Amino acid sequence: MRKTLLLILTFFCVALVAQEPIKVACVGNSITYGTGIANREQDSYPVQLQRMLGDKYLVGNFGKPGATLLNKGHRPYTQQQEYKDAMAFAGDIVVIHLGVNDTDPRNWPNYRDSFIPDYRALIDSFRMVNPKCRILIARLTPISDRHPRFESGTRDWHDEIQLAIEKVAQYTGVQLIDFHEPLYPYPQLLPDGIHPNAEGASLLAKTVYEGITGDFGGLQMPKTFTDNMVLQYGCPLRIHGKANAGEKVTVAIGKQKQQAVAASNGKWEVELSPLEAGGPYTLKVSAGKQEYTYKNVLAGEVWLCAGQSNMEFYMNRCVTAKEDIPLAANDRIRLYDMKENWRTDDFEWELSALDSVNHLQYYKKAEWKACTPETVKNFSAVAYYFGKKLQDSLQVPVGLICNAVGGSPTEAWIDRSTMEYQFPAILRNWKTNDFIQDWVRGRAAANTRKSDNKLQRHPYEPCYLYESAIQSLEQFPIKGAIWYQGESNAHNKEAHEKLFRLLVESWRKTWNNEEMPFYFVQLSSMARPSWTWFRDSQRKLMMEIPHTGMAVCTDKGDSLDVHPRQKKEVGERLAAWALNQTYGWKQVVPSGPLYKSVQFKGNVAYLSFDYAEGMTASDGMPLRTFEIAGDDELFYPAQATVENGQIKVWSDKVKEPKTVRYGWQPFTRANLVNAAGLPASTFRTE
């Protein structure tokens with residue numbers, strides 16, 4: 001009888017122990033506490049985490065507004081009551097998010113050397129009260145460029161602290177979670193530039209939930225992976241995705257099979273050996289009971305085709321549409337067309353659209369499709385003609401990803417980190433910022449008129465199209481990019497010169513390829529006064545940035561229409577650059593005559609050019625639009641002839657010429673071409 005009672009009592013005690021919840025201590029500053037959240041008792045991240053984890057867990061909020069990790073900081077966490085309460089709680093799991101307040105100039109400049117030792121001591125203190133506790137430390141939440149000290153130190157110290165936190169995780173064996181990545185593309189979730197609102201707090205709670213449970217929702221693949229896709233051939237092929245932490249992922253294609261294990265952040269990656277061009281292949285990706293099978297996959301050359309409305313310009317609007325669309329059926333060309341849900345035409349968007357835009361849900365779902373008359377008619381004409389010429393020449397499959405938004409400015413396509421460090425001034429108050437073209441700001445204001453949110457997003461906002469589109473493409477290998485844009489930045493060539501360099505740098509960083517080809521279209525010929533200087537600026541950018549090329553199309557412009565309809569030549573001229581520079585087809589001339597140098601002899605200027613073979617007038621008439629000036633900068637129309645592979649230029653009105661310019665009219669009838677029939681660029685000698 002006594003033995004039976006003892007067994008019952010033991011069972012009862014074990015049951016009580018089994019029912020005790022797992023204690024989760026959320027340690028941090030005001031972001032953990034819930035400052036700035038209207039109802040923090042219901043919506044701070046620890047409270048939302050409690051709802052996600054359920055009754056088997058007990059979550060405690062031990063956040064102290066203003067607390068520093070540094071023990072010599074202006075408000076050390078270890079000296080606060082919240083720290084004592086957290087120690088008494090003796091959590092089985094401890095989640096630490098400290099360091100944001102250490103960016104204060106009272107703290108980091110003086111005591112940065114103590115950060116790692118102080119963090120390790122904090123971790124050790126929680127291990128002392130519960131030796132079996134599991135500790136997760138978080139990379140810092142973002143601090144917006146709207147912060148008053150952003151450029152004076154906060155931005156840089158914030159990044160230094162991130163690196164220190166990563167080192168702490170590495171050398172203490174604790175789990176690192178990322179509070180930065182989920183919030184960074186959503187600056188509107190930080191109303192004061194620092195504190196997440198309730199929605200932002202939910203992203204933090206989700207991050208902690210995933211970190212604790214390892215539940216990332218199972219196997220996930222990038223949106224760009226669909227049937228009929230084209231995978232880049234001829235180079236090691238990295239395939240990325242997400243899965244539940246610790247899950248084994250298998251990737252198989254052709255005779256290859258590779259495996260990876262999802263890390264604690266759910267991310268996994270395998271590297272496949274280079275594929276041979278052709279196909280079709282079947283790609284299978286599996287994890288546990290989940291499997292994705294992608295059929296009719298080809299291996300070939302993949303190019304991103306981006307920009308504004310002249311890149312978007314559909315095949316069915318081209319002058320060559322009637323003859324070329326019926327002949328477009330080609331299974332070796334595949335199209336991935338990223339179309340927007342809401343056009344940026346002059347009208348007010350509904351509130352539901354504005355909310356979706358805030359959540360980066362600007363694009364419709366896309367899938368890879370074979371090129372047919374039906375699929376190509378509403379596809380980019382420039383992209384199609386570029387791809388067709390490549391496919392005809394290389395005789396390998398070609399995949400074209402089109403991502404073009406009418407009216408979009410360059411700054412919308414650049415990643416936020418690059419802009420924060422290289423051009424932060426353009427980020428501030430962008431709707432009233434003079435760096436941004438009046439037309440762009442006006443159209444964004446028209447689309448968002450129904451919103452009373454001061455931080456309402458729009459596709460023309462700096463970084464928006466990168467965050468909603470380019471970032472989603474980064475896991476899809478490409479050969480290079482073609483770009484047709486500039487109309488929405490032509491008001492300020494100096495700003496564009498900086499932005500264009502940052503764009504190329506940003507994309508090359510995104511695809512981890514410092515030599516990624518980037519070929520672009522010079523603005524065409526149109527009656528807009530700033531376009532002469534802008535075109536010449538584009539020419540100089542091509543000469544200065546390696547692995548770029550510029551297609552000239554002033555001969556295909558329209559004096560009144562910003563959307564000239566002759567797109568076949570534009571696409572093929574871009575393809576000529578790719579064939580010559582990327583694929584080594586030196587027999588293909590990539591450009592018309594490009595100004596190289598000038599020599600003055602008496603009253604005559606002698607101009608030298610690259611790609612000068614066979615220079616002549618396109619229409620058999622005398623060469624037009626050359627002008628010449630002396631020191632007074634008064635330009636006069638000049639005579640010009642081809643002489644010994646150079647252009648000889650003179651005017652009886654200029655005795656001592658110092659400067660020559662060509663095609664220096666917004667809408668120009670310039671007619672210099674080379675033997676390939678390609679036009680010379682607008683230029684001005686220096």
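This passage describes the predicted model of a single chain, from its overall make-up to its strands, cores, a pocket and some individual residues.

The chain comprises 686 residues, of which 56% count as buried, and its secondary structure consists of 20 helices and 28 strands. Along the principal axes, the C-alpha atoms fill a box of roughly 120 × 60 × 45 Å. When contacts between residues at least 6 apart in sequence are considered, 74% of them join residues at least 24 apart.

Several strand pairings were examined. Strands of a sheet pair through backbone hydrogen bonds, either parallel or antiparallel, and examples of both kinds are described here. The parallel kind is represented by strand E1 (residues 22–28) and strand E2, which are joined by seven bridges; within this pairing, cysteine 26 has asparagine 61 of E2 as its bridge partner. Strand E2 spans residues 57–63, and because five of its seven residues are buried, E2 is largely enclosed by the rest of the structure.

The antiparallel kind is found in strand E19 (residues 594–601) and strand E20 (residues 604–610), which pair over seven bridges, with tyrosine 606 of E20 serving as the bridge partner of glutamine 599. Two residues separate E19 from E20 in a hairpin, and in its turn glycine 602 adopts a positive phi of about 65°.

An open sheet of four strands, paired in the antiparallel sense, follows the order E23-E22-E26-E28. Strand E23 (636–637) and strand E28 (683–684) each have a single partner strand, so these two stand at the edges and one side of each is left without a neighbour in the sheet. Between strand E22 (residues 626–629) and strand E26 (residues 659–662), the antiparallel pairing extends over four bridges, and phenylalanine 626 is matched there with tyrosine 662 of E26 as its bridge partner.

Attention then turned to the packing of nonpolar residues. In soluble globular proteins, nonpolar side chains tend to be buried together. In this model the largest nonpolar core has 124 residues, and those with the most contacts inside it are Trp268, Leu304, Leu390, Ile401, Trp413 and Trp507. Strand E12 (residues 290–307) gives the most to this core, contributing nine residues. Apart from the largest core lies another one, of 57 residues, which includes Leu49, Phe115, Val168 and Ala201. The surroundings of tryptophan 507 illustrate the contacts of one residue of the largest core: leaving aside residues up to four places away in sequence, tryptophan 507 touches Leu304, Ala306, Trp413, Tyr466, Ile470, Ala481, Trp483, Met516 and Phe518.

A polar residue can be described in a similar way. Glutamine 538, which lies in helix H19 (residues 531–544), has a relative accessibility of 2% and therefore counts as buried. Its contacts, again not counting residues up to four places away in sequence, are with Gln485, Phe520, Val521, Gln522, Leu523 and Met550.

Open space in the model was also analysed. The second largest pocket has a volume of about 510 Å³, and of the 19 residues that line this pocket, Pro236, Arg238, Pro477, Trp511 and Asn512 are the closest to its centre. Strand E7 (residues 237–242) supplies the largest share of the lining, namely three residues. By character, the lining residues of the second largest pocket divide into nine nonpolar, seven polar and three charged.

Finally, some details of backbone geometry deserve mention. Most residues other than glycine have a negative phi, and most peptide bonds are trans. Against this background, a cis peptide bond joins glycine 279 and proline 280, with omega of about 10°, and proline 280 is found in strand E11 (residues 278–287). Leucine 360, a residue other than glycine, has a positive phi, near 60°; leucine 360 lies in the loop between helix H12 (351–358) and strand E14 (369–371), and because its relative accessible area is 13%, under the limit of 20%, leucine 360 is buried. Tyrosine 611 likewise is not a glycine and has a positive phi, of about 55°. Tyrosine 611 is found in the loop between E20 and strand E21 (616–617), and with a relative accessible area of 30% tyrosine 611 is partly exposed.

Terms used:
Residues are numbered from 1 along each chain as its sequence is written. This is a predicted model: local features need pLDDT of at least 70, side-chain atom pairs count only at pLDDT 80 or more; totals for chains, interfaces and linings use all residues. Side-chain values use heavy atoms; hydrogens and water are left out. Two strands pair if DSSP finds at least two bridges between them. A nonpolar core is a set of buried Ala, Val, Leu, Ile, Met, Phe, Trp, Tyr and Cys residues joined through side-chain atoms within 4.5 Å. Buried means under 20% relative accessible area, exposed over 50%, partly exposed in between (1.4 Å probe, protein chains only). Contact means heavy atoms within 4.5 Å. On a 1 Å grid over the protein atoms alone, a cavity is a set of points where a 1.4 Å probe fits but cannot get out, and a pocket is an open set with protein on both sides within 12 Å along at least five of seven lines; lining residues have an atom within 4 Å of a point. Grid points are joined across faces, edges and corners, and a volume is the space filled by probe spheres set on the points. Ala, Val, Leu, Ile, Met, Phe, Trp, Tyr, Cys and Pro count as nonpolar, Asp, Glu, Lys and Arg as charged, and the others, Gly among them, as polar.
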